[in-house]
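User: I should like to work through this structure by questions and answers. Please show it first.

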Amino acid sequence: MAAHLSSGRVNLNILREAARKELRVFLDKCAGSKAIVWDEYLTGPFGLIAQYSLLKEHEVEKMFTLKSGRVPPADVKNVIFFVRPRLELMDIIVDNVFSEDKLHSSRDFHILFVPRRSLLCEQRLKEQGVLGSFVNIEEYILDLIPCDSDLLSMEYESAFRECYLENDQTSLYHTAKGLINLQALYGTIPQIYGKGECARHVANMMLRMKREFAGSQNQILPVFDSLLLLDRNVDLLTPLATQLTYEGLIDEIYGITNGYVKLPPEKFAEKKQGEGSKDLLTERKKLQLNSAEELYAEIRDKNFNAVGAALSKKAKIISAAFEERHNAKTVVEIKQFVSQLPHMQAARSSLANHTSIAELIKEITTSEAFFDNLTVEQEFMTGIDTDKVNTYIEDRIAQKEKLTKILRLMCMQSVCNNGLKQKVLDYYKREIFQAYGYEHMLTLNNLEKMGLFKPQTSSRNNYPTIRKTLKLWMEDANEQNPNDISYVYSGYAPLSIRLTQLLARPGWRSIEEVLKMLPGPHFEERQQLPGGLHKKRHQGENRTTLVFFLGGVTYAEIAALRFLSQMEDGGMEYVIATTKLINGTSWIGSLMDHPASKAP
């Protein structure tokens, strides 16, 4: 099931297996039959670690979603609550336990906090008089979850908001702890680089934890040569831009959650003869997306304009493979063809799915609305008319376009102009309040605190200097056969990835002036390796860097890093880690105080 996790430069299946082992140990503590009551948010991340079959092996017979009232009846000895440490969830658990007691149940209750136990939560249970009802109260440290062969995520959805808006450093502590656990499995990372306030905090916490555990260091040869910690607020522009890779567009349009996407059913309905176009499918088609699928691994990081040609080439190869059956004459040849059949049929099914997805995306990317939006984004990124009210944004507000789309554009204009003139800012605010309601005042305040939608405080705009020095805009980006990371946004090279690229070669000393213009400190630390664990590098062997995005990363940025890993003369391979996989809509949504779902 997870073979693809061990196919990358670093075997991430080791991390998954360690997490599965911990889970087994806890389940076996609760002897007898079990029902799990899930905090709904955790089911997706847990699905990446353990399927139902593993739970079944350890006597899990029923699974329910955490809701107020009574836990549904189940003939089991143990009821285990898998929850995040949140007070509002404790109140629901209290309700569950009280409802149970009235029925004189003999079931044992247990709580598993993910990723950490919380004294506040236990105090709440104590105040409500139910703490004594729990036989086991433990924590399950699920920090870094392997999502793919080169990708780890904490799936901590509120990390960016907590760090930059609420000044809450909980997610940074979890990150540091996650990195310590990672080094216990993969060896000490000798070199640490970072940029940003949060990056500095994480590095400090990690180094302090490392000193505390100094005696218990594992004698493991380091797998990673270096760690780069990057704050999301060092590069606020990239997540606001529309991603133009295949995987990025799937996420922008339909949303990828824990490696799955749900798609409109019509393109996937199999028509039976004589039924014309009457489709029986009404449920959304759920597909898993990862590198275990050969075709997806091949096309996901391509610019969408190059996907059609790749699919057409694949169709010809599959068609030719099926034609081979006519050439199979001898028993041996027929046997050989039959043995390849399951793989060929899977390839054909995969091709059909991705052709359907590409058709769905193309309907949107060829629309006038998509083109107009992209044009405005690219004008902002190249510094055109960023200092005055934009007529396209005005029109979109008048048309009551989805609010997150409007906010993405307004924030992009502000970021590319180092803030907006007060009269432009006030005009936009007034328009938003009139069209969408005054309840969005809190959201606009949040965006201002984050530096996303703010007044201009100095007449100097550093963005053009940063853009030119770091070559963030490349005219005539080659989308079909890219030679630069800018292909992922058809011209714009993500600032975060350009920084990563320059760190590897020629090093950050060459861009000291630009680094000072970006928020937060930049630093370098060394971790002492236990004796005899220094890597002996072979001629031509690539180095491996773990790039950790604090506050979220987009699929287009991941594609750009994979592009750098594959460069012939790069000399560096990258593994990506993040607090959360994001796109512009989900990111802005996390900063809204009026739920995105209620916005028009």
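User: Which residues form the negative surface patch?

Analyst: This is a predicted model, in which local features need pLDDT of at least 70, side-chain atom pairs count only at pLDDT 80 or more, and totals for chains, interfaces and linings use all residues. Residues are numbered from 1 along each chain as its sequence is written, and side-chain values use heavy atoms, with hydrogens and water left out. Patch residues have over 30% relative accessible area and no salt bridge (a side-chain nitrogen of Lys or Arg within 4 Å of a carboxyl oxygen of Asp or Glu), and like charges are joined within 9 Å. The negative patch consists of Asp28, Glu59, Glu61 and Asp75.

User: Is Glu61 buried, partly exposed or exposed?

Analyst: Glu61 lies in strand 2, residues 60–65; a strand is a DSSP run of E with at least two residues. Buried means under 20% relative accessible area, exposed over 50%, and partly exposed in between, with a 1.4 Å probe and protein chains only. Because its relative accessible area is 45%, Glu61 is partly exposed.

User: Which residue of strand 12 stands opposite Val261?

Analyst: Val261 belongs to the covered face of strand 11 (residues 260–263), together with Leu263. Strand 11 pairs with strand 12 (residues 285–288) in the antiparallel sense over four bridges, where pairing requires at least two bridges found by DSSP. Opposite Val261 in strand 12 stands Leu287.

User: How many of the eight residues of helix 10 are buried?

Analyst: Helix 10 covers residues 246–253, a helix being a DSSP run of H or I with at least four residues. The buried residues include Tyr246 and Leu249. Helix 10 is largely enclosed by the rest of the structure, because the buried residues number seven of the eight.

Key: Patches are made of residues with over 30% relative accessible area and no salt bridge: like charges are joined within 9 Å, nonpolar side chains (Val, Leu, Ile, Met, Phe, Trp, Tyr) within 5 Å. Accessible areas come from the Shrake-Rupley method with a 1.4 Å probe; for residues, only the protein chains shown count as cover. Lys and Arg count as positive and Asp and Glu as negative; His and the chain ends are not counted. The place of a charge is taken as NZ of Lys, CZ of Arg, CG of Asp or CD of Glu.
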